Amino acid sequence: MPESCVGHLVKYYQSSFVTEKPLQISVVSFDGDMTLWDFRKVMRHSLKHTLAALQKQVPTQRVLELTVDEMIVIRNQFAEEVKGKIWNLEEIRLRAFERTLEYAGFPNKELAAHLNAIYLKHRFEDIELYSDVIPTFGVLASRFKLGLLSNGNTYPERCGLEGYFAFVVFSQDVQSEKPDRRIFETTAQRAGCELAQMLHVGDSLENDVAGARNAGAHSVWLNREGIPNETETRPDYEVASLTEIPAILGLGGK
Ligand SMILES: [Mg+2]
């Protein structure tokens, strides 16, 4: 991390302690994708396996030229088209494979379902937690109620987090998504706390930080790569690793 970034973090950190009164936090909610696990990595890895299976089965020129990047673009375009109409992410994924086969000149719903099954197998079985997740949860779990608040669809029991969360809120289940304040209100209700008692941790300045702040919760921006914040959004805290969170909550050193 460049030195200037470190200084920036220290400044944030100190000002939080010096100028604010102690937090009355009882609940910590976590974003999932890119906060607890590397979603982009597992998604690309799963698409690579799926594309290889497709190319083996349908070795036409167009299919052989198809790329993972194109598949991602097709999925994202489809998700944008059906935003607010189709909430279920697995359905969007399946329909995106149907769209991909049409694009590759080989429309076939049965094959799309087969590809979807290959994708989901890798997508859920090959996911890995970041190395700071379990140590941090180990410190926090005895003092705070922990939960997952995600716009994605990775279930905690599928990635080694079974038993850690007192509540799990997925946008696809409640039909509102971060940064909409309603999903934060739902989360506080499920957690049994006021929004002001909740600290939300996530990697997205828009979805996690601005969303939490607008709803009245406290926010931590997880900035693993030390990227500059060029937005108007100001997190209450900024950290480079989850291991810094216990100190924010008054639980001793890192
Ligand atoms: Mg995220």
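What is the handedness of the crossing of helix 5 and helix 6? In this predicted model, the crossing is right-handed. The axes of helix 5 (residues 89-103) and helix 6 (residues 109-125) come within 8 Å. They cross at roughly 125 degrees. The two helices are therefore oblique to each other, since this angle falls in neither the 65 to 115 range of roughly perpendicular pairs nor the range over 145 of roughly antiparallel ones.

The contact draws on both helices. Helix 5 contributes Arg 93, Leu 94, Phe 97, Glu 98 and Leu 101. Helix 6 meets these residues with Lys 109, Leu 111, Ala 112, Ala 113, Leu 115, Asn 116 and Tyr 119. By class, eight residues of this contact are nonpolar, one is polar and three are charged.

A sheet was also examined. Six strands form this open sheet, and their pairing is parallel. The strand order is 3-2-1-4-5-6. Strand 3 (167-170) and strand 6 (237-239) are the edge strands, each pairing on one side only. From one strand to the next, the twist averages 20 degrees.

Within the sheet, strand 4 (residues 198-202) and strand 5 (residues 218-222) run parallel. Four bridges join these two strands. Val 201 stands opposite Val 220 in strand 5. Helix 10 (residues 205-215) lies across strand 4 and strand 5. The angle between helix 10 and strand 5 is about 165 degrees.

Definitions and conventions: Residues are numbered from 1 along each chain as its sequence is written. This is a predicted model: local features need pLDDT of at least 70, side-chain atom pairs count only at pLDDT 80 or more; totals for chains, interfaces and linings use all residues. Axes are lines fitted to C-alpha atoms, for helices over the stretch in contact, and angles run from 0 to 180 degrees between N-to-C directions. Angles under 35 degrees count as roughly parallel, over 145 as roughly antiparallel, 65 to 115 as roughly perpendicular and the rest as oblique. A crossing is left-handed if the near helix is turned anticlockwise from the far one by less than a right angle, and right-handed if clockwise. Two residues are in contact if their C-beta atoms, placed from the backbone, lie within 7 Å. Ala, Val, Leu, Ile, Met, Phe, Trp, Tyr, Cys and Pro count as nonpolar, Asp, Glu, Lys and Arg as charged, and the others, Gly among them, as polar. Two strands pair if DSSP finds at least two bridges between them.
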